[in-house]
Amino acid sequence: MTASTIDYNISAQVKQLADDGIIGLKGAFTPQWADAMREDMMTAFWSAIQRPGGAVGRGPRRWYVEIHPENFGGFVDLVTHPWVVDVCNNVLGPDYQIVEIGFDVPFQGAKYQPWHRDFPSPVDTYRDRKITSLAFNLTGVDVTEDMGPFEVAPGTQYDDGRDWKHEMFPNKCLWGRFQERATRKYPRRGDISCRSALTVHRGTEHLSPIARPVMVLGVDAPGAGHAALHDMMVTQEWHAALPQSVKKHLICRVVDELVPVTQKHDIEGLVMGADPV
């Protein structure tokens, strides 16, 4: 359910994304819509954690789970939200590709992650300062200080990173640069954020008994190639009912019957936690 009033300046948002590597829209959906999303995430988590390859560790007591679009009741609401569509069109171009839907969930006991980005930077970004992929995030809870809030280092999406471990993890001796820029985010149910997946970030220590699931929508410019890291599939009946405006952007297999997702995008450097700096 989209919130009744949505007010934003897309030109200003695109500029902020280019400068900081992250933007947001408060109150994009109602809290009730976000509550239903949280239920879908936690149902998917308890199913995924019971099968091999269903949930990927992203540090102690922290997992990532990819889901089928049709198992998220708000999927079409999300990918047709005016702000999401505007950002994708203006940053990635009219032929943008929806390549990923999943969620991160830390529980009590999750540790600091090392500073990282989600994949190596392409030459289009580190040389030409062009953003070719976006990650939209939606929280399932109102985030408080003890819930391991997301921490991001604005403006680091253009860092070269080719000499980092796996081209994703800067050496600890470089962490001071990210710590100086670090900003913690405290979104509320219904908010959306959007970032370059190359903006350096980390999850922080989670002390609360309340889990903090966060939906992730991954979108590429044509040629960015991240669809190869995922395997979205939808049933024929569900696909047939989609608006054409969604079908033309969705990179997926259309199947007779859904099978459980086996994760492809395992970020090895996140399996262990890290000491905070």
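Reader: Quick one on strand 8: which residues lie on one side and which on the other, and are they buried or exposed?

Author: Keep in mind that this is a predicted model. Ile192 and Cys194 sit on one side of strand 8, Ser193 and Arg195 on the other, and all of them are buried. Both faces of the strand are covered, then.

Reader: Which strand does strand 1 get joined to, and by how many bridges?

Author: Strand 1 is joined to strand 8, residues 192–195, by four bridges, and the two run antiparallel. In that pairing, Ile23 stands opposite Cys194, and Leu25 has Ile192 as its bridge partner.

Reader: What about strand 5 and strand 8, how many bridges there?

Author: Three, again in the antiparallel sense. Asn137 is the residue opposite Ser193 of strand 8.

Reader: Ok, zoom out. In what order do the strands of the open sheet come?

Author: The order is 1-8-5-10-4-3-2, seven strands with antiparallel pairing. Strand 1 (22–25) and strand 2 (56–57) stand at the edges with a single partner strand each, so one side of each has no neighbour in the sheet.

Reader: And what does helix 1 touch when it packs on the sheet?

Author: Helix 1, residues 10–20, touches strand 1, strand 5 (133–139) and strand 8. Its direction makes about 145° with that of strand 1. Helix 4, residues 82–92, packs on the sheet too, touching strand 1, strand 5, strand 8 and strand 10 (214–220). For helix 4, the angle with the direction of strand 5 is about 160°.

Reader: Switching to cysteines. How many disulfides does a search of the whole structure find?

Author: Zero.

Reader: Why is there no bond from Cys194 to the closest cysteine sulfur?

Author: The closest one is in Cys88, and at 6.8 Å from the sulfur of Cys194 that is too far for a bond, because a disulfide needs the two sulfurs within 2.5 Å. Cys194 is buried as well, with a relative accessible area of 0%.

Reader: And Cys252, how far is its sulfur from the closest cysteine sulfur?

Author: 16 Å, with Cys88 again holding the closest sulfur, so that is too far for a bond. Cys252 counts as partly exposed, at 23% relative accessibility.

Reader: Next up, Pro122. Where is its place in the chain?

Author: Pro122 is in the loop between strand 4 (97–106) and helix 5 (123–126). Its relative accessibility is 27%, so Pro122 counts as partly exposed.

Reader: Which residues does Pro122 touch, not counting those up to four places away in sequence?

Author: Thr132 and Leu198. As for Asp20, which is 102 residues apart from Pro122 along the chain, the two C-alpha atoms are separated by 18 Å.

Reader: Last topic, the whole chain. How many helices and strands are there?

Author: Eight helices and 12 strands. The C-alpha trace spans about 50 × 40 × 35 Å along its principal axes.

Reader: What radius of gyration does the chain have, and what would a compact globule have?

Author: The chain has 18 Å, and a compact globule with 277 residues would have a value near 19 Å, so the two agree. Buried residues make up 52% of the chain. Of the contacts with a separation of 6 or more, 85% are between residues 24 or more positions apart.

Reader: And how much accessible surface is there?

Author: About 12300 Å², with 50% of that belonging to carbon and sulfur atoms.

Key
Residues numbered from 1 in each chain as written. Predicted model: local features only at pLDDT ≥ 70, side-chain atom pairs only at ≥ 80, totals over all residues. Heavy atoms only, no water. Buried < 20%, exposed > 50% of the residue type's maximum accessible area, 1.4 Å probe, protein only. Pairing = 2+ DSSP bridges. Contact = heavy atoms within 4.5 Å. Axes fitted to C-alpha atoms, helices over the stretch in contact; angles between N-to-C directions. Rg over C-alpha atoms; globule rule 2.2 N^0.38 Å. Areas by Shrake-Rupley, 256 points an atom, 1.4 Å probe, with all protein chains shown as cover.
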